[in-house]
Amino acid sequence: MSKKVLIKIILGLLVIVTFIYLLNFFKIGDFLKNTAISNLIIFWILFDFSYIFYRASLLFLNKRRIYSSERPLVSILIPAYNEEICIEKTLNSCLFQTYPNFEIIVINDGSVDKTLEVVDSFIKKQDYYIQNKKINFVVIDKPNQGKAVALNSGKDKANGDFLVTIDADSHLSSHAVEKIMNYFTSEDIGAVAGNVVAIYKDSILGYLQKIEYEMGIYFIRASQSFFGNVLVTPGALSAYRKSAIKNFEEGTLTEDFDSSVRILEKGYKIIMAPDAICYTQVPLGVSDLIKQRIRWQEGSLEVFSKHSFHRKSFLVSLEWFFLLLFGFYPLMVKFVSLFALPLFLISGDYLNLLHLILLFLSYSVFSYFILFSIVAYYSHDKKSLLAVPLYVIYFNTVVLYSVLVAQILIFKGKNQTWGKIKRYHI
Amino acid sequence: MGKNQKIPYLKDVLFYFCKVAILSLVLSYLVSKTSFYNQSLVFILVVFSAFSFNVFFIILIILSYIISFYLTTFTLGDSSLLLIYSFSIFLNTIFMFIYFKFKYKLKEK
């Protein structure tokens, strides 16, 4: 560990200690010092920050510098359902990759718009380039059966030993395939997750999602990558060793999560390529965003329930445990706490209610500020720190609501289907 | 929020809130008649049991209530009580996943 890193860790710890000291110094009334809630808040600080410290340490240690120089055939799979607005840009970004050896397979999953016509006209327009570069460009047209079935149809037609999957509403940077393939340095690496950047189009909601994506990538996945335990390979950009993936899991809402977990269960490693960049559209309307989050949450609960409590490697089990402890459990605590708020109102205990809300908000802002600082260091987006208060509101409304709905739906056995999110020109 | 932006599944959520309200009244009354009464634990029980009235799930949730209730008898003060409530939510979360796991296994069969 370099001196610089050590200094940052020490500074981080100093900030935590100062915060705890300040809580006592200002005595946020003697209320804080004397009530049970203060002890609980300090418990949560220690509980959360030890986790942040663990992740941050792995993050700083994760400096993978060995790259593969092999250039095997790669099959780029693009499943598309009603993507007439954005698929041309996607295809364009795939065709003009710096990687020398690839084929493109577009799977039209029963689109009812002009997706197929757009793809056909693109092939005609770029025919000279495709022929000249000898790129195998395949279009599969099949009835609508969902993304996983579409990916499996593409996989069956693929000639390459490696598959790169991308969403039809996303586009790649010109080096993305080359960069992601650099990470297949040994036979035990089964998949590599790409870096997904959200296009937010000057929308605040979009910007908050961009930060959320960055947090998932730079904080969670990059640290999981240290041990090769990345739990989710994003649908927007991921690369798979064909022999590691039997099939993309059909009938689930998050086929990317399900498939990556199966790869880990086979004993392969999954790592992350932060320099393989893919730009993706995110929902800019609240309704679309909630629908997307409900699907993600439902899918995650489904995958967690199906695959956890299995005997795996210690480190994979540890990641599952973290997912339970820091992913799902705090949300349940928030539910119960939020439901308890009306009780304070009914009982007329307004002072305690006010203190509770203030403590909760200040604690949330503080912990997110630490998280955002780590992420801003990697993403070079320091202005994101200003968005912390907004993020706290976003997380405790949109995300919490989606989690509640997902749970209600799972208990009812009423699965949400793949909804269509409004697309826009980029 | 835009003109056409409706909050999805709002009816389901409101129905869930109603269940929480009714259950908290009924269960608080019923459990207070026994020697196992703890208002906060009853409230946690209500939030979870309002999700589903499946017999297996209810058994798990009640089991969690009983374990947490016995733990409260060994407490030293308010702060440890709050930690036990946190533990109770954790236990319920684990039981919820055990229930989901059985549900998916049955579905797969």
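Start with chain A of this predicted model: select the chain and colour by secondary structure, and 14 helices and eight strands appear. Chain A has 426 residues, of which 40% count as buried. Among its contacts with a separation of 6 or more, 82% are between residues 24 or more positions apart.

**The sheet of chain A**

Next, select the strands. Eight of them make one open sheet with mixed pairing, and reading across it gives β3-β2-β1-β4-β7-β6-β8-β5 of chain A. At the edges are β3(A), residues 137-142, and β5(A), residues 170-172, each paired on one side only. Ignoring direction, the average turn between neighbouring strands is 25°.

Now pick residues 189-199 and 237-241 of chain A, which are β6(A) and β7(A). These two strands run antiparallel and are joined by three bridges. Show V192(A) as sticks, then look across to β7(A): the residue opposite is A239(A).

**Helices against the sheet**

Add residues 115-125 of chain A, helix α5(A), which packs on the sheet. The strands touched by α5(A) are β1(A) (74-80), β2(A) (102-109) and β3(A). The direction of α5(A) makes about 155° with that of β2(A).

Then select residues 147-157 of chain A, helix α7(A). This helix lies across β1(A), β2(A), β3(A) and β4(A), the last being residues 162-166. Relative to β1(A), α7(A) runs at about 150°.

**Where chain B meets chain A**

Bring chain B into view. The contact between the chains takes 31 residues from chain A and 29 from chain B. On the chain B side, the elements giving two or more residues are α1(B) (10-32), α2(B) (39-49) and α4(B) (78-108). Which of them gives the largest share? It is α4(B), with 13 residues. Coloured by residue type, this side of chain B shows 19 nonpolar, six polar and four charged residues.

**Two helices of chain B**

Finish by isolating α1(B) and α2(B). Their axes are 9 Å apart and the packing angle is about 140°. Angles over 145 degrees would count as roughly antiparallel and 65 to 115 as roughly perpendicular, so this pair is oblique. The crossing of α1(B) and α2(B) is right-handed.

To see the contact itself, show side chains on both helices. From α1(B) come V20(B), L23(B), S24(B), L27(B), S28(B) and V31(B). From α2(B) come Q39(B), V42(B), F43(B), L45(B), V46(B), V47(B) and S49(B). By type, the residues in the contact of α1(B) with α2(B) are nine nonpolar and four polar, with no charged residue.

Note on methods. Residues numbered from 1 in each chain as written. Chains lettered and ligands numbered in written order. Predicted model: local features only at pLDDT ≥ 70, side-chain atom pairs only at ≥ 80, totals over all residues. Helix = DSSP H or I, 4+ residues; strand = E, 2+ residues; numbered from the N terminus. Buried ≥ 20, exposed ≤ 12 C-beta atoms within 10 Å, placed from the backbone. Contact = placed C-beta atoms within 7 Å. Nonpolar A, V, L, I, M, F, W, Y, C, P; charged D, E, K, R; others polar. Axes fitted to C-alpha atoms, helices over the stretch in contact; angles between N-to-C directions. Parallel < 35°, antiparallel > 145°, perpendicular 65-115°, else oblique. Left-handed = near helix turned anticlockwise from the far one by under 90°. Pairing = 2+ DSSP bridges.
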